[in-house]
Amino acid sequence: MHQALPVHAPPPDAGGSGGTIAAAHANVMKMVSENPVIVVGTHGCCMCHVVQKLLQGLGVNPPVYEVDEGEEDDVAMELSRKIVGGGDGGGTVQFPAVFVSGKYFGGLERVMAKHISGELVPILKDAGALWL
């Protein structure tokens with residue numbers, strides 16, 4: 001696996017607003033599946049920045065997908081439905097959302113808790129995000 005560079009990816013314009021939203025969904029789903037670690041958050045979210053800096057401090061340089069204003073709920077529901085297997089009580093993605101090995105890992109609280117307990121580095125190593 002390769003280490004991805006940070007990406008602040010606005011959804012590509014696919015013609016109309018319906019096409020743009022569908023393209024954004026496809027783009028974020030592709031990024032989640034292709035990267036060992038990725039952070040998905042809303043544009044300008046300070047907590048997204050905190051998660052990114054924590055991971056960078058450990059030696060992981062995660063791409064960051066920024067969801068545009070007004071599309072947060074749609075993208076969160078799509079991620080919940082396709083990756084978490086929820087949306088109807090099975091779990092809902094909230095931003096910032098961290099995905100490890102293509103699976104929803106959690107938000108800032110879970111990342112911090114795993115870091116403090118010493119469990120985060122082994123998880124990142126298993127995902128191929130660290131080569132220590």
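Buried here means under 20% relative accessible area, exposed means over 50%, and partly exposed is what lies in between (1.4 Å probe, protein chains only). This is a predicted model, where local features need pLDDT of at least 70, side-chain atom pairs count only at pLDDT 80 or more, and totals for chains, interfaces and linings use all residues. Residues are numbered from 1 along each chain as its sequence is written, and side-chain values use heavy atoms, with hydrogens and water left out.

**Overall layout**

The protein has five helices and four strands, and from the N terminus on they run α-β-α-β-α-β-β-α-α. Those elements are DSSP runs numbered from the N terminus: helices are H or I with at least four residues, strands are E with at least two. Of the 132 residues in the protein, 43% are buried. A contact means heavy atoms within 4.5 Å. Among contacts between residues at least 6 apart in sequence, 62% join residues at least 24 apart.

**Around Phe95**

Let's start with the loop between α3 and β3, home to phenylalanine 95 and to proline 96. The peptide bond from phenylalanine 95 to proline 96 is cis, with omega near 0 degrees. As a reminder of the usual picture, most peptide bonds are trans, and most residues other than glycine have a negative phi.

Phenylalanine 95 is partly exposed, because its relative accessible area is 22%. Setting aside neighbours within four places in sequence, phenylalanine 95 touches Val40, Gly41, Thr42, Val67, Glu72, Val75, Ala76 and Leu79. One of these partners, leucine 79, sits in helix α3 (residues 72-84). Leucine 79 counts as buried, since its relative accessibility is 0%.

Here are two C-alpha pairs from this part of the story, with their separations:

| Pair | Apart in sequence | C-alpha to C-alpha |
|---|---|---|
| Phenylalanine 95 and glycine 41 | 54 residues | 4.9 Å |
| Leucine 79 and threonine 92 | 13 residues | 8.1 Å |

**A positive phi before β4**

Serine 101 is in the loop between β3 and β4. Its phi is near 55 degrees, a positive value in a residue other than glycine. With 46% relative accessibility, serine 101 counts as partly exposed.

**Helix α4 and its neighbours**

Which residues of helix α4 (residues 108-117) are buried? They are Leu108, Val111 and Lys114. Seen down the axis of α4, the buried residues fall within an arc of 140 degrees, so they line one face of the helix; the arc is that of the directions from the helix axis to the C-beta atoms. In general, an α-helix has 3.6 residues a turn, so residues three or four places apart point the same way. On the other side of α4, Glu109 and Ile116 are exposed.

What do the buried residues of α4 pack against? Their partners are α2 (46-57), β3 (97-100), β4 (103-106) and α5 (120-127). After α4 comes glycine 118, with a positive phi near 85 degrees.

Now for the pairing with α2. The axes of α2 and α4 come within 10 Å and cross at roughly 25 degrees. The two helices are therefore roughly parallel to each other, a label for angles under 35 degrees (over 145 is roughly antiparallel, 65 to 115 roughly perpendicular, the rest oblique). Axes are lines fitted to C-alpha atoms, for helices over the stretch in contact, with angles running from 0 to 180 degrees between N-to-C directions.

On the α2 side, Met47, Val50, Val51 and Leu54 meet Leu108, Val111, Met112 and His115 of α4. The residues of this contact divide into seven nonpolar, one polar and no charged.

Terms used. Ala, Val, Leu, Ile, Met, Phe, Trp, Tyr, Cys and Pro count as nonpolar, Asp, Glu, Lys and Arg as charged, and the others, Gly among them, as polar.
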